[in-house]
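Reader: I'm new to this one and would like to learn how to read it. Could you show me the structure, and then I'll ask about whatever catches my eye?

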Amino acid sequence: MILWIIVIAMILMIVSLLLINNRILRYSFGGLFMFVFMGFVIALSANMYNHYGMSKETTVQHKQIYSAAPANVPVGMLITKKIGNNHYIMMFKDSADDQTARVHFVPDKNNVLASLKKSANYKKINSNTAQVVTKTTKWQYNSELMSWLFKFKEEDHLVKITHTVEIPNNWKIVNK
């Protein structure tokens, strides 16, 4: 919407400076529309460069996971493979009823930019259950007015997604 406001302010500025004969009215309206035009151009630049009108919001989700080992093995197991500096591909079961473990956190080769915003790691904790803690950080508009002014279609302002698999101290980690 801000682009339409900028275009309308520019047209009104040009029309007022060229078509109004009264000098006082010409400069008054021309100056007013120039001020509106420049203000919205600066606001659009600030939004694009510094996320003006937005703030970072982080959501945290917890999901219980289960050992990758078969049900008859008494020790819990997490299978990992390190790729990159701070990213792991991991295998575990999503529910207690699953027969086989599934691979999780595999980067999407078709969308490298989205994959760069995601990371997965693990850590051992003092607990009896294993879980995945997913922290998603996104830019959100501060108000409906800012959303109305700056939002273009259904844009995604994802900053990063961090998956941390928290496993009990008695689980074994198998590195591939």
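Reader: Let me start with R102: is R102 buried, partly exposed or exposed?

Author: Before we dig in, keep in mind that this is a predicted model. To place a residue, you look at its relative accessible area: under 20% is buried, over 50% is exposed, and partly exposed is what falls in between. R102 has 48% relative accessibility, so R102 counts as partly exposed.

Reader: Okay. Which residue forms a salt bridge with R102?

Author: Here's the general idea: side chains of opposite charge can pair when their charged atoms come close. In this model the partner of R102 is D94, and their closest N and O atoms are 2.8 Å apart. You'll find D94 in the loop between β3 and β4. With a relative accessibility of 18%, D94 counts as buried.

Reader: How many salt bridges are there?

Author: The count comes to three. Another one brings together the side chains of K63 and D94, at 3.3 Å from N to O. That pair ties distant parts of the chain together: K63 sits in strand β1 (residues 54-65), D94 in the loop between β3 and β4, and they are 31 residues apart. K63 has a relative accessible area of 41%, so K63 is partly exposed.

Reader: And where does E166 come in, and what does E166 pair with?

Author: The side chain of E166 meets that of K123 in a salt bridge, with 3.9 Å from N to O. This pair also links distant parts of the chain, since K123 is in strand β5 (residues 118-125) and E166 is in strand β7 (residues 158-168), 43 residues apart. K123 is at 42% relative accessibility and therefore counts as partly exposed, while E166 is at 12% and therefore counts as buried. As for networks, salt bridges with shared partners join K63, D94 and R102 into one.

Reader: Back to D94, then. What else does D94 touch?

Author: Leaving out residues up to four places away in sequence, D94 touches K63, Q64, Y66, R102 and H104. With H104 there is a polar contact between the two side chains, at 2.8 Å.

Reader: You mentioned β3. Is strand β3 mostly covered or mostly open?

Author: Strand β3 (residues 87-92) is mostly covered, with five of its six residues buried. When you read a strand, remember that in a regular one the side chains alternate between the two faces of the sheet. Then look for the neighbours. Strand β2 (residues 77-83) runs antiparallel to β3, and five bridges join them. One residue pair to look for is K82 with its bridge partner Y88 in β3.

Reader: How many residues lie between the strands in the hairpin of β2 and β3?

Author: There are three residues between the strands, and G84 in this hairpin takes a positive phi near 75°. Strand β3 also pairs with strand β4 (residues 102-104): three bridges join the two, again running antiparallel. There, M91 stands opposite V103 in β4.

Reader: Now the helices. Which elements give two or more residues to the nonpolar patch?

Author: A patch is a group of side chains of one kind that gather on the surface, and here's the case in this model. The nonpolar patch has about 1,100 Å² of accessible area together, and its residues include V7, I11, L18, Y27, M34 and I42. The elements giving two or more residues are α1 (2-19) and α2. Helix α1 gives the largest share, eight residues. M34 is in helix α2, and its 40% relative accessibility is why M34 counts as partly exposed.

Reader: F35 is in helix α2 too. Is F35 buried or exposed?

Author: F35 counts as exposed because its relative accessibility is 65%.

Reader: And N47, what does its side chain reach?

Author: N47 is also in helix α2 (residues 23-50), and its side chain reaches the backbone oxygen of Y52 at 2.8 Å. Not counting residues up to four places away in sequence, N47 touches Y52, M54, Y141 and F150. At 8% relative accessibility, N47 counts as buried.

Definitions and conventions. Residues are numbered from 1 along each chain as its sequence is written. This is a predicted model: local features need pLDDT of at least 70, side-chain atom pairs count only at pLDDT 80 or more; totals for chains, interfaces and linings use all residues. Side-chain values use heavy atoms; hydrogens and water are left out. Helices (H or I, at least four residues) and strands (E, at least two) are DSSP runs, numbered from the N terminus. Buried means under 20% relative accessible area, exposed over 50%, partly exposed in between (1.4 Å probe, protein chains only). A polar contact is a pair of N or O atoms within 3.5 Å; within protein, one must be able to donate a hydrogen and the other to accept it, and residues adjacent in sequence count only if both atoms are side-chain atoms. Contact means heavy atoms within 4.5 Å. Patches are made of residues with over 30% relative accessible area and no salt bridge: like charges are joined within 9 Å, nonpolar side chains (Val, Leu, Ile, Met, Phe, Trp, Tyr) within 5 Å. Accessible areas come from the Shrake-Rupley method with a 1.4 Å probe; for residues, only the protein chains shown count as cover. A salt bridge is a side-chain nitrogen of Lys or Arg within 4 Å of a carboxyl oxygen of Asp or Glu. Two strands pair if DSSP finds at least two bridges between them.
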